[in-house]
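Visitor: I'd like a close look at one spot where two helices pack against each other. Could you walk me through it slowly, and then show me what sits around it?

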Amino acid sequence: MLAPMAGVTDAAYRIMCRRHGARTAYSEMVSVAGLAFASERTWELLLPAPEEGDLAVQLFGSKPDQFSAAVAAIQERLGARLALIDINMACPARKVITKGEGSALIDRPDLAQKIAAACVREARVPVTVKMRRSFRFGAETAPELAARLEDVGVAAVAVHGRTASQLYSGKADWGAIDRVAARVSVPVIGSGDVFTPDAAARMLAETAAEAVFVARGSYGNPWIFEDALALSRGAEAAEHSWDARLDALSEHLDLLHETGAHMRRARTFAAWYLKGMPHAAGWRSRAVRCETHLDFVELVAGIREDIARAGA
């Protein structure tokens, strides 16, 4: 499953990953406060593109009434294309937790439970929660919180094996997935350090996770989903040549252009596709100066010529 990532999982990114094996894709995390003020810019984050059959929408905030109103508004606008509502209790960003949102809710289980209950009461689709194993090192709070959320009707929980205070450093403890699964009867989704197809397949095989979130492991590697599925079925993952990577970059650039997103977003993901290529540093330097779709098309053409000359 393609995990929700702020500033990353726009429509183009979601479609790209779905074309290459992601079974479910999530929106960027959406502020319930932003929806409360009817911000059209906020709405743009959660409207599925025509190619998307449905969309899992992740919400963040700290006020149960705003969550309830957001769920009602999203259901009305997305209709049958809304797959599920996910509540973010995992984001460790300072600007989020200082408002009592994201992973800050781990330390406020009563409020977390009220938010989940408000969403479940309003929703006609499953409501899920993504959390971290705890807010800080010490007693692990995820199993107890997951049990409380199940009590109010949450349909699944996702567990990231880091504490919020770790941010994205250190190593994710996959054992947290099993400890949560031992406390609840709903499905548990595993998350953390899934950077390769092998890691995704191992998480499915070695933990109690019934599904796996792929986040940063999809950077420049949309095939991670289909490759992980192949490995989990006993087959081999495919090799992806430089030409295949450039084809994927071109496909992603076209999707960004077609979905009406700002092409400057491509500066970031282009660098991910170019990692390890001959003369990658120089091409990344050129990529950050590209402004239009045509600029990026010409960039890819130049890289192809360079690789052909180098015989790579």
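Guide: Sure. One bit of bookkeeping before the angle: axes here are lines fitted to C-alpha atoms, for helices over the stretch in contact, and angles run from 0 to 180 degrees between N-to-C directions. Also keep in mind that this is a predicted model.

Now for the pair itself. Helix α11 spans residues 242–258 and helix α12 spans residues 266–274; their axes come within 10 Å and cross at roughly 165 degrees. Angles over 145 degrees count as roughly antiparallel, so α11 and α12 are roughly antiparallel to each other. As for handedness, the crossing of α11 and α12 is right-handed.

Who does the touching? On the α11 side you'll find R245, L246, A248, L249, H252, L253 and L256, and facing them from α12 are A266, F269, A270, Y273 and L274. Sort the residues of that α11–α12 contact by type and you get 10 nonpolar, 1 polar and 1 charged. As background, nonpolar side chains tend to be buried together in soluble globular proteins.

Let's zoom in on L274, which belongs to helix α12. With a relative accessibility of 1%, and buried meaning under 20%, L274 counts as buried. Setting aside neighbours within four places in sequence, L274 contacts L246, L249, A280, W283, R284 and I303. L246 and L249 are among the α11 residues in the helix contact. There's also a C-alpha pairing to look at: L274 and R245 are 29 residues apart along the chain, yet their C-alpha atoms are separated by 7.9 Å.

Step past α12 and you run into H279, in the loop between α12 and α13 (280–287). Its backbone is worth a glance: phi of H279 is near 60 degrees, a positive value in a residue other than glycine. For context, most residues other than glycine have a negative phi. And where L274 is buried, H279 is exposed, at 52% relative accessible area.

Finally, the wider setting. The largest nonpolar core has 60 residues, and V57, L59, I74, I85, I87, M89 and M131 are the ones with the most contacts inside it. Apart from that core lies another, of 28 residues, including A12, L249, M277 and I303. Two of those names should ring a bell: L249 and I303 are both among the contacts of L274. L249 also takes part in the contact between α11 and α12, so if you want one residue to click on next, try that one.

Methods:
Residues are numbered from 1 along each chain as its sequence is written. This is a predicted model: local features need pLDDT of at least 70, side-chain atom pairs count only at pLDDT 80 or more; totals for chains, interfaces and linings use all residues. Side-chain values use heavy atoms; hydrogens and water are left out. Helices (H or I, at least four residues) and strands (E, at least two) are DSSP runs, numbered from the N terminus. Angles under 35 degrees count as roughly parallel, over 145 as roughly antiparallel, 65 to 115 as roughly perpendicular and the rest as oblique. A crossing is left-handed if the near helix is turned anticlockwise from the far one by less than a right angle, and right-handed if clockwise. Contact means heavy atoms within 4.5 Å. Ala, Val, Leu, Ile, Met, Phe, Trp, Tyr, Cys and Pro count as nonpolar, Asp, Glu, Lys and Arg as charged, and the others, Gly among them, as polar. A nonpolar core is a set of buried Ala, Val, Leu, Ile, Met, Phe, Trp, Tyr and Cys residues joined through side-chain atoms within 4.5 Å. Buried means under 20% relative accessible area, exposed over 50%, partly exposed in between (1.4 Å probe, protein chains only).
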